[in-house]
Amino acid sequence: MAGLTGENEIRELLKSACPPAAPSPEFKDQLLQDLTHRVEGLTRPRWRQPKVGASIAAAVISAAIGYGIWLGQAMEATLLP
Amino acid sequence: MAQTYKIRAVYNTPMADSISKTNEAQFIKDLRRRDPGAVAQLYNTYADRIYSLVFHQVGRNHEVAQDIVQETFVAALKSATKFRNQSKVYTWLCSIANNKVSDFYRRQKRQAKYQTMEALEADQIGDETLAADFAETGERQADARQALSSLPLHYRQVLILKYVEEMPVLQISKIMGRSPKSIEGLLTRARKELRAKLAIPSEG
């Protein structure tokens, strides 16, 4: 290795020390699947995204319960003499 | 899976290892919209190259390389809408991968404070890998790999980008977020350090 002085020799040495490497096909398939799921999540309309959807559902349920309670009280007030 | 989408193969050049210049504009447009076909194309075109780049930067550790490649593509997907076509797609991905490798070593440095036995085990694994390398590729390559692994990360990164990836200084400067002049200096120091590790005479 005493002759390794020029840039070309460094290039040659590093290229032989670092040949192209590839991930396993299983890993590649799994990651592509993962990315596809993430894309689906990211491109879904905001209201259909899990967190947003759950918040909207919770708000609708709370409003329905509140309205039920209010309606019950209003009816009671109307029926009482 | 990718088959559920109409993956447009129009972006690729006949070599299929990069996106052709004429199709790149459309590809980037689709990628910004996070079009599933464009994302699958991005992955299929660059996953192997990014893996190879990361694999050599992390001392040929498959598990670590896989984790970093995953983090790289997830980050690319999240920031795809911000990609402004100021650099090539591969340069952009390399830049994300390089940052992820740096993050990995920063995390490792923090964790190292708490590691005792694990570090010892890792050293043993390193020795085994080195022995396997020696048997597999011979003294010259094994020496070069050992020397490269023992260099500081930014030296290792700049040497791999310059001599293994054969990138011009300007492209490396975009990836590493430094000026071209700073990259030239870094390369000089990295070459000097590599020569010292390999105990070979310096350039005149």
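## Working through a two-chain predicted model

Chain A has three helices and zero strands. Keep in mind throughout that this is a predicted model.

**Exercise 1. Describe the make-up of each chain.**

Start with chain A. Reading from the N terminus, its elements go α-α-α. It has 81 residues, and 10% of them count as buried.

Now move to chain B. Here you'll find nine helices and zero strands, so the run from the N terminus is α-α-α-α-α-α-α-α-α, given that helices and strands are numbered from that end. Chain B has 204 residues, with 32% counted as buried. Look at its contacts too: among those with a separation of 6 or more, 61% join residues 24 or more positions apart.

**Exercise 2. Work out which parts of chain B touch chain A.**

First, the head count: 34 residues of chain B are in contact with 27 residues of chain A. Next, look for the helices behind that side of chain B. Helix H2 (36-57), helix H3 (62-79), helix H6 (139-150), helix H7 (153-164) and helix H9 (180-197) each supply at least two residues. The biggest giver is H2(B), with 10 residues. Finally, sort the touching side of chain B by class, and you get 23 nonpolar, five polar and six charged residues.

**Exercise 3. Compare how H2(B) packs on H4(B) and on H7(B).**

Before you begin, recall that two packed helices are described by the angle between their axes and the distance between the axes.

Take helix H4 (residues 89-112) of chain B. H2(B) packs on it at an angle of about 35 degrees, with the axes 10 Å apart, and the crossing is right-handed. From H2(B), the contact uses Tyr46(B), Ile50(B), Leu53(B), Val54(B) and Gln57(B); from H4(B), it uses Tyr90(B), Leu93(B), Cys94(B), Ala97(B) and Val101(B). By class, that's nine nonpolar, one polar and no charged.

Then take H7(B). The angle with H2(B) is about 135 degrees, and the axes are 10 Å apart. That angle makes H2(B) oblique to H7(B). The crossing of this pair is right-handed. Leu53(B), His56(B) and Gln57(B) of H2(B) meet Arg156(B), Gln157(B), Ile160(B) and Val164(B) of H7(B). Sorted by class, this contact has three nonpolar, three polar and one charged residues.

**Exercise 4. Find the centre of the nonpolar core.**

A general point helps here: in soluble globular proteins, nonpolar side chains tend to be buried together.

The largest nonpolar core has 54 residues, and the members touching the most others are Leu14(A), Ile50(B), Val54(B), Leu93(B) and Ala97(B). H2(B) contributes the largest share, 12 residues. Zoom in on Leu93(B): leaving out residues up to four places away in sequence, it touches Tyr46(B), Ile50(B), Thr72(B) and Ala76(B).

**Exercise 5. Is Gly177(B) buried or exposed?**

Locate it first. Gly177(B) sits in the loop between helix H8 (169-176) and H9 of chain B. Then count: 10 other C-beta atoms lie within 10 Å of Gly177(B). The cut-off for exposed is 12 or fewer, so Gly177(B) is exposed.

One extra step: how far apart are Gly177(B) and Lys29(B) in sequence and in space? They are separated by 148 residues in sequence, and by 24 Å in space from C-alpha to C-alpha.

Notes: Residues numbered from 1 in each chain as written. Chains lettered and ligands numbered in written order. Predicted model: local features only at pLDDT ≥ 70, side-chain atom pairs only at ≥ 80, totals over all residues. Contact = placed C-beta atoms within 7 Å. Helix = DSSP H or I, 4+ residues; strand = E, 2+ residues; numbered from the N terminus. Nonpolar A, V, L, I, M, F, W, Y, C, P; charged D, E, K, R; others polar. Axes fitted to C-alpha atoms, helices over the stretch in contact; angles between N-to-C directions. Parallel < 35°, antiparallel > 145°, perpendicular 65-115°, else oblique. Left-handed = near helix turned anticlockwise from the far one by under 90°. Buried ≥ 20, exposed ≤ 12 C-beta atoms within 10 Å, placed from the backbone. Core = buried A, V, L, I, M, F, W, Y, C linked by C-beta atoms within 7 Å.
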